[in-house]
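Subject: Structure handover

Hello,

I am passing on the structure we spoke about. Please look it over; what was found in it follows below.

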Amino acid sequence: MNKPLVGAFLAALLLGAGAAPVVAAEPAQQAQEAASKTGPEAKAVTFAGTVALTNCSGSVVRSPDSAPTDPALVLSNGHCLESGFPGPGEVVVNQPSSRTFTLLNASGDGVGTLKASKIAYGTMTDTDLSLYETTSTYQQIEDSYGIQALELETAHPTAGAAITVASGYWKRTYSCDIDGFVHQLKEGRWTWKDSVRYTPECQTIGGTSGSPVIDDATGKVVAVNNTGNESGQECTDNNPCEVDENGEVTVREGINYAQQTYTMVPCIGAGSKIDLNREGCGLPKP
């Protein structure tokens, strides 16, 4: 996994004044660079709608059918849950939570605090994601801070698409393309399916876990950033390996990955309620 904040902070202390603190610099400049994508169809990708957790990154997201009066949802990783990593096969549903999130504006400035009412969903089985239901509605957030939620894409992403990973914790964006998709991505005890593989330019680090992966052409969220192979080991913690349909294993040192989010969109019903029995819902059940 792209280690949560605690791991990233300890690594920075152990390594001295290394790369970790540097990447938090100049958020406004990075937002401007992300907004200056070439091509007439490109959207301006900024930090608006992203959030910083105590140990990870995240974003306020909505489905295309969400109503302004629905409770806002915050998307992050399953391995970012305050209760710790869910075990293989474990699915967390409707668990109380009072977690807080720092909401960022387009320049990466913290403009307010959102509070969770519950963990609506969380797992590290087949995917690595968490959804928190907050005590604020989408309309309340927009009225208070002028910030709209990021919309979730409903279709499978496309190889070659230009993407931006926007980290609310580090206030840094990473720009690259979708290199392809991985049949099975294995890391330690966990296995994820149809994962997004980045081209080498997206060198995400600890603390970027849970960042939204945004399609530059549409401005919609297509995945959630979650891991990378750090030292070339095979299928170990922080060193995921790729397994194809024939069981062949490939290790790509220095390459990072994300988990697609389109399969969870049909699971979001009226009032932001997660219903795993809704037609088309692709999330694992308890």
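Helices and strands here are DSSP runs, a helix having at least four residues and a strand at least two, and they are numbered from the N terminus. In those terms, Asn 238 sits in the loop between β13 (221–228) and β14 (241–243). Please keep in mind throughout that this is a predicted model.

Backbone

Asn 238 is not a glycine, yet its phi is positive, at about 65 degrees. Asp 194 is not a glycine either, and has a positive phi of about 55 degrees. The place of Asp 194 is in strand β11, which covers residues 190–198. Is Asp 194 buried, exposed or in between? With a relative accessible area of 28%, Asp 194 counts as partly exposed, because that class lies between the 20% limit for buried and the 50% limit for exposed.

The chain as a whole

The protein chain has 16 strands and 4 helices. It is made up of 286 residues, and 52% of them count as buried. The accessible surface of the chain is about 11700 Å², and carbon and sulfur atoms account for 49% of that surface. For contacts between residues at least 6 apart in sequence, 67% are between residues at least 24 apart.

Empty space

Rolling a probe the size of a water molecule over the atoms shows where empty space is left.

How many cavities of 30 Å³ or more does the structure hold? There is 1. The volume of the largest cavity is about 30 Å³. Its lining consists of Gly 49, Val 60, Leu 103, Tyr 138, Ile 141, Ile 147, Gln 148 and Ala 149. By class, 6 of these lining residues are nonpolar, 2 are polar and none is charged.

As for pockets, the second largest one has a volume of about 320 Å³. It is lined by 13 residues, and those closest to its centre are Ala 44, Ala 48, Ala 149, Leu 150 and Gly 219. In the lining of this pocket, 3 residues are charged, 4 are polar and 6 are nonpolar. Ala 149 appears in both places: it is among the residues that line the largest cavity, and it is one of those closest to the centre of the second largest pocket.

If you want a place to start, look at Ala 149 for the cavity lining, and then at Asp 194 and Asn 238 for the positive phi values.

Regards

Technical notes. Residues are numbered from 1 along each chain as its sequence is written. This is a predicted model: local features need pLDDT of at least 70, side-chain atom pairs count only at pLDDT 80 or more; totals for chains, interfaces and linings use all residues. Side-chain values use heavy atoms; hydrogens and water are left out. On a 1 Å grid over the protein atoms alone, a cavity is a set of points where a 1.4 Å probe fits but cannot get out, and a pocket is an open set with protein on both sides within 12 Å along at least five of seven lines; lining residues have an atom within 4 Å of a point. Grid points are joined across faces, edges and corners, and a volume is the space filled by probe spheres set on the points. Ala, Val, Leu, Ile, Met, Phe, Trp, Tyr, Cys and Pro count as nonpolar, Asp, Glu, Lys and Arg as charged, and the others, Gly among them, as polar. Buried means under 20% relative accessible area, exposed over 50%, partly exposed in between (1.4 Å probe, protein chains only). Contact means heavy atoms within 4.5 Å. Accessible areas come from the Shrake-Rupley method with a 1.4 Å probe; for residues, only the protein chains shown count as cover.
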